[in-house]
Amino acid sequence: MNRWGWSAIHARSGTDPCPSWLRTAAMLAPWISLGILSMTIWAMSGTLTGREGVAFNLPEGSVGDVADTTMSVLMVPASQGTLVFFDDTRYVFDDERQMEEFTALLARRASAAEKPALLVLADRRVKGGELMKLAEIAKGQGVGKILFAENSGGKKGR
């Protein structure tokens, strides 16, 4: 039931239309793919290991808990690095001198507050390591509670 008569032409010529090396390669392709997949999984298995970090005590309530905060920080990525806005001042996160100034100001503000709590508003493009470093700085300056906020309004997925 072949309209083009391929079988009839093939039977008359007596030659195989597919070279033997191509047939062998087609039979080996799934095994090669499986080998590459196995090597990729093995190579990636060591990347998700435990490292030093900051331990966070999560609240007993839901994730949507609200806390009173006495200070707030805004973190936004920019071309010169992540910008940290605190107390009407802008700091570049990667600049050590500016972060020392930020740490000193945070320590003064935390010591002046009765129950220091910090609200962190971060753009989703801010690296997680930078958020952890900020939490470590805040903890070292006497901040008792850190609230990482999300933008619940507007369009999601941007």
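Colleague: Which residues in helix α3 are separated by about one helical turn?

Modeller: E101 and R97, which sit 4 residues apart in helix α3. Keep in mind as we go that this is a predicted model.

Colleague: How should I read such a pair, and what do the side chains of E101 and R97 form where they meet?

Modeller: The general idea first: side chains of opposite charge can pair when their charged atoms come close. Here E101 and R97 meet in a salt bridge, with 2.7 Å from N to O. As for its surroundings, E101 is partly exposed at a relative accessible area of 38%.

Colleague: How many salt bridges does the count come to?

Modeller: The count comes to 3 salt bridges. Another of them joins D87 to R109, whose closest N and O atoms lie 3.1 Å apart.

Colleague: Where in the chain do D87 and R109 lie?

Modeller: This pair links distant parts of the chain, 22 residues apart. D87 belongs to the loop between β2 (81-86) and β3 (89-92), while R109 is in helix α3, residues 96-112.

Colleague: Is that D87 buried or exposed, and what about R109?

Modeller: Partly exposed describes D87, at 38% relative accessible area. R109 also counts as partly exposed, at 29%.

Colleague: And which residue forms a salt bridge with R125?

Modeller: That is D123, and the closest N and O atoms of the two are 2.8 Å apart. Look at each partner in turn: R125 counts as exposed because its relative accessibility of 58% is over the 50% cut-off. D123, with a relative accessible area of 26%, is partly exposed.

Methods:
Residues are numbered from 1 along each chain as its sequence is written. This is a predicted model: local features need pLDDT of at least 70, side-chain atom pairs count only at pLDDT 80 or more; totals for chains, interfaces and linings use all residues. Side-chain values use heavy atoms; hydrogens and water are left out. A salt bridge is a side-chain nitrogen of Lys or Arg within 4 Å of a carboxyl oxygen of Asp or Glu. Helices (H or I, at least four residues) and strands (E, at least two) are DSSP runs, numbered from the N terminus. Buried means under 20% relative accessible area, exposed over 50%, partly exposed in between (1.4 Å probe, protein chains only).
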